[in-house]
Structure formats: structure tokens, C-alpha cells
Number of protein chains: 2
Amino acid sequence: MATLNDVAKVAGVSPTTVSRVINNYGALSEKTKTKVFAAMRELNYAPNNLARSLSGKKTQLVGLIFPSVSNPFFGELVATLENSLFAAGYKTILCNSANNADKERAYLRMLAANQVDGIITSTHNLGITEYQKIALPIVAFDRNLAPTIPIVISDNYQGGRIASEALIAQGCRHIVMLVSSAGTSEPTNARQQAYADVMAQHGLTPTVTPLGFNTVASVKRITIRTMLQNQPIDGIFCSDDLTALLVLEEAAKLGIDVPTQLKVIGYDGTQFMRDYHPELATIQQPFTGLGQLLIATLTACINDQPPKHLAPLPVQLRPGETLNADWA
Amino acid sequence: MATLNDVAKVAGVSPTTVSRVINNYGALSEKTKTKVFAAMRELNYAPNNLARSLSGKKTQLVGLIFPSVSNPFFGELVATLENSLFAAGYKTILCNSANNADKERAYLRMLAANQVDGIITSTHNLGITEYQKIALPIVAFDRNLAPTIPIVISDNYQGGRIASEALIAQGCRHIVMLVSSAGTSEPTNARQQAYADVMAQHGLTPTVTPLGFNTVASVKRITIRTMLQNQPIDGIFCSDDLTALLVLEEAAKLGIDVPTQLKVIGYDGTQFMRDYHPELATIQQPFTGLGQLLIATLTACINDQPPKHLAPLPVQLRPGETLNADWA
DNA sequence: GAATAATTGTCAAGCGTTTGACAATTTGAC
DNA sequence: GTCAAATTGTCAAACGCTTGACAATTATTC
């Protein structure tokens, strides 16, 4: 690997000058700049980022801690983030926490050891103190990590309300909500709260059926099937789109027609769903907006300007045939 | 951030001793080890990996260049890789090339600048010379990058053969293959070759319809629909599962019953498909095996022991109702 | 308690870069 | 041709750690 000194020799200038060119600092003539750039190209030189960072520069590394990119929701979010981070000059270290506390702890240590500039995370298997001990800029997505850690969310309550009201507006009276989230104090729980509130406002009884975030699909299917068989249900609100898919398939197997007998609405609205299951009505999260806000917030934290307050981003209903047959 | 010197002071030993403990080198008594570890914990110390690597240690960083983790196939593969890499003590730098040559070039530079130990890639938008210029261990997945770069694949020809024969065995005679890959010399093209060979062996006419890897789903749908409407087709072999999904949906819209009127088989067999579309018959790629082989090969390259020859990993048919109604 | 082995300390160079202070040189303007 | 301004060079310290050489200190053993 060519070093800065090699470049200096080839260009016939001093190492300091090369460094000045790289960092665009000090007085420099066009002529030397050209010479140096030519030498860099000739040697296929890339400055050693380790050395640069050691001597004070930022690493331009950001850690992304998410459950797993094998889930299309996180996959899409991570893809969005990675793109924006790249555009902003950052490199992405990917960490799939797999909802494993030990792994997450190891990741935090590792990211610190690698001197990342900041972390964006969407898991929380650790205690608050552990997050606070990290003396690093952190931004959370949809999770309450610690009072001091800024959190970016979309409007979960609003989303829950829109979904519930949409089902009721379509005539549903026996509406069940399926939730697969685990914790109790998570922001996403506002969706359930909204569901419960809306149901109560309409004099209807809310029924929340938990499925467990880490439960395998086949087990979820069984729960869903028994539910469909044993309860009089005409509407289902799923806290994520994948669960909605399971509902649609189990309903089809049982000969329940959607949307005449049963209306279904999901949550998330990934591009994947839009492409491969456009029939599903869902609550559309603003992926791009969330990604940009996450990164803007993180860079703000990196520059010691933590945001005062972060308003939840608006969500919107994406209509579909599972809610309203003659939608199109 | 605490440094090695801080740890030494707290532990009451010399910096050298702390380094010896970290690197487990030289003669060390249990007593000092304990003291040092205690001090490290007390200070929440993590060795600065930049400094370690600068002074000769490996970075334990691996770059992953894939089109995008928003595609469930790559998402799952990347998740698998990340897990295994983590287990092997490596950190993952994620690079979504988005099939953009400039971005890929920038990524290669960036990875080199960050002194990664190696790269695993599954895109190739660049010329051979550009890959060879990278003086870094590279392993390719399903792509021919350069003669010198080892390539890990599953048995594409075998997969194409199994799929084609399965359709024929189920009585299909008018079979179309839908391919979404772009290049002409890619290993995955063996699937088409096998399809063509098998068709010929049975005295049938092969028809390959290209869809374009980067084409949006809605456009693919149109192609598929017109094809279904205008050609007598009783079997479709898709070069990936997502395309198969589109086929199933368009067929349903047209009132074509699967599998009685049309049989469909996909390719890839992600966990996602198994969970959310178990009805789809497909060719199952050995994800875990591929991941492990990719990493084993990369570490071999890193240790200057490039593999002699890499045999394609076997694939297998995963049956499903889209191929055989009474399968279950 | 002497001899030997085991452990720990001291010192310094080096990894590739940045950055500041200062001196030396070149350039341009008049 | 002079002078100031612009440009480039020299030198050295620093970032945090590793590693080797060597000396000094402890433990261990008989």
C-alpha cells in the first residue's frame, strides 16, 4: 500500500504538502495540487483512515444496530439509512442484534473500540445504565433507551387511530388487533392505545391478541387460525404487514373472503409490500423521512447540538383491496 | 475515553504489562491479570482498534458489497454473513452498491482506505482490471469478477435442471422461463442453460423471457400479464422467488388456477418465502452453507491460502402447492 | 541463602497521518 | 530590482497501541 510519503516522493513535493492537499488546508497552488493528485492516481493511493482518525479526524463510521436485515422492514430501513449515510460521507457498520442482549453488549463495546462517530439503534435489550455508559452519540428509532437518548418515531398513535377508524368506517364491528411487539413501554404500543381508544369511542370492545416478536411464523399461523375459527371477527388490525400476510393466507385457507367477510389492515408499508402485495391496506410509515431525520439527528448529536424535541413524523393510510374491495 | 495508560495507572502496573494482558503475550501471573482486568472494567476500557491496527494488528473488518439489503434475498444472505462474521470476530461494513458503478468504485476505495481485511461481493459493475487493482482479499458470490478472484456458488445448472424437470414431470409442456438477471456471462445463467437443455431433451421448445433485474415490479407485472394472456402456457420457471410471486398474483387476477392450469416454480428459497409463501415450490439455495463457505474462503485468502477449487454447493427442490396440489 | 526461573518494568521505535511553528523559496506587482 | 505576498519545505510532536531488547524485581526450589 502506498503511503503519503510515497506520494510525496513521486510528486516531488514534501509530505506536508501532500497532507495539505488531502485536507485542503494552507496555501496551495493549482500546479502542485495537480502534481499531487496525479501522483495519488498513479499510485492508486488512498489515505489510511486509521492513521487519519488516530490523529484527530473523525472516523466517519456509524454503527447500525437492528434486529436483523432479514426482516424486510428493517432491511428497507437499513438500506435507506446506508444510502443516506454514504451520501453524507459515512460508512456503515452493520450490527444484527438478533434481540440478543449479550450480542448487543458486545456490539456496543466493539463500536466504541472502533471509534465510531455515532450509533443508530432500534433494539433495546440492555438496561438504561448500559446505554448511558456509552459516551457516544446515539439516536434511537422507535425505542425508549434512556431519557437522554433522542428518539425518532412516526406517529404511532395516529397510525393506530387511522387504522382502527378505517376498519370501523368500512362497517367492521368485531375488530381484533394483532400485535407482535414484545415490550410494554415501547412507543409502538401507542398503536394499541389508539386502537383501544377508538374502539371505546365507538362503543366497541377492543381485543388485543399478542403474537410475540420472535415467534416463528408457523406458530403465529396457528394462533391466527384458531382465532379466526373460534371468534366472530370481521376486521383485523395487524401491528405489522407480515402478520397481515399470515392473516390473509389463513383466511383464504378457511374460505373466509377478504374483504367481504373480513377486512384486514397492516402496518409499515414497505416498498416490498407495495410491489408484491399491493392489495394490502396498511399504514404507511415515512421511510425516507425517518431515515433522513435519524441521520440529521445523529449528525446534530455528533456536532454537540442535540435536538430539543423531535416531533413524530406523520403516517398515512394506504388503501387496498383487503379493506375496500372497490378501492381501485 | 480511557486509554491503555489510564488502565495501567489504575491497576498499578506498567503500560507494557497492560498491553501484554490484552494480547495475552509474554509471562503473566494470574494476580496481575486480575488486577488489570479489574481496572479495565472499572474504567469501561475498550482498546482503540484504530491504534491497534495502525501498529500492525488486523482490523478485523470485512466489507460486504451487495445490491441492496432491501431485497429479502440479499437481506437474508447479509444477515447470515453478518452473524457468522461476528462469530468469527469480524465486523461488517455494509455497502449497498445499488448496481451503480460509481458507487461501487467509491466503496472499493473506501474499504481500502479503512484497511478492511477482506471483501465479499455480489455485484460487478466494474471492469476486471479495477477489481484486480484492489490488493485485497476478495471473494465473490455468484459473480465472475476476475480470473483470480475465487467465486462461491450453488449449483445453478443443477437447480435449473431440477426445476425444469419438475415442471415436465408434472405434465407441463408449454414452459416459459422468466429471468431477471442482467449480464450474459454470469454463473446464474447456467439456470437458463439447464432449462434449455432439459426442454430440448424432452423435445420441447424453450422460451426465455427476460424481465430485467432493475425493472420495477409494476412493469414486470405487465410483461407477465400479457404473456399469460397471449401465450399458451402451463408452466413457469422463475429465476427468483419474487418474480414467482408476481406470476402467482397476476395469474390469480386472470382467473388462472394454480396449479391445475398453470404450475409455477421459483428459485432461492429464503426463510421469508418459507414463512410467508409456503405454497411456492422453489429451488432451495443452501444459505447457511453459502455463508459459511464465503467466510471460510475469505479467511483462507486473508491467511494467504487461496482455495484451489470451489465446488458449487448442492441445491434442492422444495415442493409446494404451486407445483403439485396434493403435495402436503 | 544461593541459584534459577518467572514475572514485571523501562525505554524506544514504529504504524501513517495531522498540524503547528518557522524558515526558505518562488511569484507577482510596481 | 525591490518588497510583500504567496507558496512550499523542514522539523517535530502527537494520536494509542504493539513489540522487542534489556534490566530489575520477585518467586520458587533445593
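Q: I'm starting inside chain A: how many bridges join strand β3 (residues 118-121) to strand β4 (residues 138-141), and do these strands run parallel or antiparallel?

A: Here's the general idea: strands of a sheet pair through backbone hydrogen bonds, either parallel or antiparallel. Keep in mind that this is a predicted model. In chain A, β3 and β4 run parallel, and 3 bridges join them. To see the register, find Ile119(A), which stands opposite Ile138(A) in β4(A).

Q: What is the order of the strands in the open sheet of 10 strands?

A: Read the sheet from one edge to the other. The order is β5(A)-β4(A)-β3(A)-β1(A)-β2(A)-β2(B)-β1(B)-β3(B)-β4(B)-β5(B), and the pairing is mixed.

Q: Why is one side of β5 (151-152) in chain A and of β5 (151-152) in chain B left without a neighbour in the sheet?

A: Those two strands stand at the edges and each has a single partner strand, so one side of each has no neighbour in the sheet.

Q: And where the sheet passes from β2(A) to β2(B), which way do the strands run, parallel or antiparallel?

A: Antiparallel, with 3 bridges joining β2(A) to strand β2 (residues 91-96) of chain B. One pair is easy to find: Ile93(A) has Ile93(B) as its bridge partner in β2(B).

Q: Let's move to the whole interface. How many residues of chain A are in contact with chain B?

A: A contact count tells you who touches whom, and here 50 residues of chain A are in contact with 50 residues of chain B. You can also look at area: about 4700 Å² is buried between the two chains, and carbon and sulfur atoms give 62% of that. On the chain A side, Leu50(A), Phe86(A) and Tyr276(A) lose the most area to chain B, together 15% of what that side buries.

Q: How many salt bridges and polar contacts are there between chain A and chain B?

A: Between these chains the count is 2 salt bridges. In one of them, the side chains of Glu82(A) and Lys103(B) meet, with N to O at 3.6 Å. As for polar contacts, 16 residue pairs turn up across the interface.

Q: Which elements give two or more residues to the side of chain A that touches chain B?

A: They are α4 (49-54), α5 (72-87), β2 (91-96), α6 (101-113), α10 (217-230), α11 (241-253) and α12 (271-276) of chain A. The largest share is from α5(A), with 8 residues. Sorted by class, this side of chain A has 27 nonpolar, 14 polar and 9 charged residues.

Q: What about salt bridges beyond the interface: how many does the whole structure have over all chains?

A: The search finds 20 over all chains. Try one inside a helix: Glu250(A) forms a salt bridge with Lys253(A), and their closest N and O atoms are 3.2 Å apart. Both residues lie in helix α11 of chain A, 3 residues apart, about one turn of the helix.

Q: Now the DNA. Which residues are closest to DNA strand D?

A: Start with the neighbours, then ask which part of the DNA they meet. Of the 25 residues that surround DNA strand D, the closest are Thr17(A), Ser29(A), Thr32(A), Leu4(B) and Tyr45(B). Among the strand's atoms within 4 Å of the protein, 70% belong to sugar or phosphate and the rest to bases. You can check single atoms too: a side-chain N or O atom of Tyr45(B) is 2.5 Å from a phosphate oxygen, while a polar backbone atom of Ser55(A) is 3.2 Å from a base oxygen.

Q: And which residues are closest to DNA strand C?

A: For DNA strand C, 26 residues surround it, the closest being Leu4(A), Tyr45(A), Thr17(B), Ser29(B) and Thr32(B). A polar side-chain atom of Thr32(B) lies 2.6 Å from a phosphate oxygen of this strand, and one of Asn23(A) lies 2.9 Å from a phosphate oxygen of the strand. Ser55(A) comes in as well, with a polar side-chain atom 3.1 Å from a sugar or linking oxygen of DNA strand C.

Q: Which element gives the most to the surface near DNA strand C?

A: That's α2(A), with 4 residues. By class, this surface has 10 nonpolar, 12 polar and 4 charged residues.

Methods. Residues numbered from 1 in each chain as written. Chains lettered and ligands numbered in written order. Predicted model: local features only at pLDDT ≥ 70, side-chain atom pairs only at ≥ 80, totals over all residues. Heavy atoms only, no water. Contact = heavy atoms within 4.5 Å. Buried area = accessible area lost by both parts, 1.4 Å probe. Salt bridge = Lys/Arg side-chain N within 4 Å of Asp/Glu carboxyl O. Polar contact = N/O pair within 3.5 Å; in protein donor to acceptor, adjacent residues only side chain to side chain. Nonpolar A, V, L, I, M, F, W, Y, C, P; charged D, E, K, R; others polar. Pairing = 2+ DSSP bridges. Near = heavy atom within 4 Å.
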